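Subject: Structure handover and notes

Hello,

Here is the structure to go with the notes below. Please keep it open while you read.

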Amino acid sequence: MTALSHATFAFGDFLRRHQRALRRLQWGVVLVYVALIVVPVFLPLPDEHARVFNHLTVAAQFAFWGIWWPFVLVSMPLLGRAWCGWLCPEGMLTEWASERGRGRPIPRWVRWGGWPLVAFALTTIYGQLVSVYQYPLAVLLVLGGSTAGAIAVGFWYGRSKRVWCRYLCPVNGVFTVLAKLAPWRYRVDEQQWRRHGNARVIPVNCAPLLPLRHMQGAGDCHMCGRCSGHRDAIALVARSPEQEIVEVAAGDHWQTALIVFGMMGLAVGAFLWSASPWFVTAKQWIATWLIERDIYWPLNDNAPWWLLTHYPEVADSFSWLDGALIVGFIAASAAAIGGALLAALWLADRLLPGRDALSLHRLAQGLIPAAGCGVFLGLSATTITLLKHEAVPVGWANDARFALLALALAWSLRLLWRIAGQRGASMARRGVAMLPLLAGLAPFAAAWWLLFVAW
């Protein structure tokens, strides 16, 4: 056993032995989280002179959208879902509620495979409509509403389980695909497991409801360490970050849709619309058309704040037309970028040998680095904006953005090349299959150039 292997095993066992300390840490995060989403609601909105160090609302905004969410995302390919198992306040609260709740069986509708995509899409779109990055009431509504849902589901379903995290959390699907890139996982030794036979062993409470004996990857594992050493068969091990994508992960149609239409299409539209001159042109054209026909109600900005942004005291209110165009712009982006990627995957799949029912979805797994990078670039745009507001020099930002995007695209292309190789394709055939994939990635890359350079 190498020194790295020994240290990795030991860390897994350390986590298992210190579950109480982990829970205390999670409760500490819960307290900070609650303070950040509740206290700013009772404070006046910040003016142009407010800064991180003199206004709690700005500090909370920077904490959530400048640091918390962008770097939770980064943690997934680095540490797996350690955030979920060690720190996540919703995970802590839903499990706590489940320990004290009704313990009802999990119904079929909760287990529906489309929730990761649907929940991600609805939360992303709704967050844009209520300006979740700018206003404390919107933060309380979106994040606080998600937390309330986690507690309610935990109370009603499962026994000491994280049913919300496993099936309904809006970011569960994103975390699942990104964690497949993690250089760590809990490996199960089947032979060692069988040696125990029917011997009585204290069961492990796997909160995210994983079948421990058959666990192969890191996508759904919360890295909590509870199962480390179970039956002397489960241990935390290092691995290649590409292993799960190339050798294990098959994916399915819902996960493919999340990657191409959700993370690479819809999310891009959500980040682009506010900077797009196309959005402004479309709004002006439609508004003129409506006025010429004496149709004025779509131009009213009288929607309640919980439906559309409505803060007249700071001259920021969305009209009904704004709301419709935001949804339309995001949907069109998802259709254009996601459609191009899906068409590229379809054509590449047919150019390669060994096609089967899941082969296209295996190819889609290769897009995960690019998809994750795109979501990070969008979230970190808020980080850069907030740093600018604090008078921090950000001239390096675009160079860093495009370097990161280039690396992510190169990694995705390498993974796609390796997945094609797993199907027995010759070098020439693989090269031909890569051409539509390059073309399919072009609209995705162009969208970031538009946002950060052209617009």
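The notes below cover confidence, two helices and several single residues.

Confidence

The model is predicted. Over the chain the mean pLDDT is 94, and 99% of the residues reach 70 or more. Confidence is lowest in helix H10 (residues 190-195), where the mean is 87, and highest in H14, where the mean is 98. Where pLDDT is low, the predicted coordinates should not be read in detail.

Helix H6 and its contact with H14

H6 covers residues 115-129, and H14 covers residues 320-351. Two packed helices are described by the angle between their axes and the distance between the axes. For H6 and H14, the axes come within 10 Å and cross at roughly 145 degrees. The crossing is right-handed. On the H6 side the contact involves Ile 125, Gln 128 and Leu 129; on the H14 side it involves Gly 323, Ile 326, Val 327 and Ile 330. Sorted by class, these are 5 nonpolar and 2 polar residues, with no charged ones.

The length of H6 is as expected: at 1.5 Å a residue its 15 residues should span 21 Å, and the end C-alpha atoms are 21 Å apart. The buried residues of H6 are Pro 116, Leu 117, Ala 119, Phe 120, Ala 121, Thr 124, Ile 125, Gly 127, Gln 128 and Leu 129. Their cover includes H14 together with helix H7 (136-156), helix H8 (163-168), helix H9 (172-179) and helix H12 (253-272).

After H6: Ser 131 and Thr 309

Ser 131 comes just after H6, in the loop between H6 and H7. Most residues other than glycine have a negative phi. Ser 131 is not a glycine, yet its phi is positive, near 55 degrees. Is Ser 131 buried or exposed? Its relative accessible area is 6%, under the 20% cut-off, so Ser 131 counts as buried.

One of the residues in contact with Ser 131 is Thr 309. Thr 309 sits in the loop between helix H13 (277-292) and strand E3 (310-311). Its relative accessible area is 0%, so Thr 309 is buried. Apart from neighbours within four places in sequence, Thr 309 is in contact with Leu 129, Val 130, Ser 131, Tyr 135, Asp 316, Ser 317 and Phe 318. Leu 129 in that list also belongs to the H6 side of the contact with H14. From Thr 309 to Ala 381, 72 residues away along the chain, the C-alpha separation is 20 Å.

Helix H17 and Leu 363

H17 (residues 397-422) has 26 residues, and its first and last C-alpha atoms are 38 Å apart, close to the 38 Å expected at 1.5 Å a residue. Its buried residues are Ala 397, Arg 401, Leu 405, Ala 408, Leu 409, Ser 412, Leu 415, Leu 416, Ile 419 and Ala 420. An α-helix has 3.6 residues a turn, so residues three or four places apart point the same way. What covers the buried residues of H17 includes helix H11 (243-248), helix H15 (359-365), helix H16 (368-389) and helix H18 (427-454). Gly 424 follows H17 and has a positive phi, near 80 degrees.

Leu 363 lies in H15. With a relative accessibility of 0%, Leu 363 counts as buried. Leaving out residues up to four places away in sequence, Leu 363 touches Leu 345, Ala 348, Asp 349, Leu 352, Leu 416, Ile 419 and Arg 423. Among them, Leu 416 and Ile 419 are buried residues of H17. Leu 363 and Leu 437 are 74 residues apart in sequence, with C-alpha atoms 10.0 Å apart in space.

Residues with more accessible area

Ala 391, in the loop between H16 and H17, has a positive phi of about 65 degrees although it is not a glycine. Ala 391 is exposed, at a relative accessible area of 64%.

Ala 332 lies in H14 and counts as partly exposed, at 45% relative accessibility. The C-alpha atoms of Ala 332 and Leu 22 are 43 Å apart, with their positions 310 residues apart in sequence.

Asp 47, in the loop between helix H2 (19-38) and helix H3 (56-79), is also partly exposed, at 46%. Asp 47 and Glu 190 are 143 residues apart in sequence and 61 Å apart in space, C-alpha to C-alpha.

Regards

Definitions and conventions:
Residues numbered from 1 in each chain as written. Predicted model: local features only at pLDDT ≥ 70, side-chain atom pairs only at ≥ 80, totals over all residues. Heavy atoms only, no water. Axes fitted to C-alpha atoms, helices over the stretch in contact; angles between N-to-C directions. Helix = DSSP H or I, 4+ residues; strand = E, 2+ residues; numbered from the N terminus. Left-handed = near helix turned anticlockwise from the far one by under 90°. Contact = heavy atoms within 4.5 Å. Nonpolar A, V, L, I, M, F, W, Y, C, P; charged D, E, K, R; others polar. Expected span 1.5 Å × (residues − 1). Buried < 20%, exposed > 50% of the residue type's maximum accessible area, 1.4 Å probe, protein only. pLDDT = per-residue confidence, 0-100.
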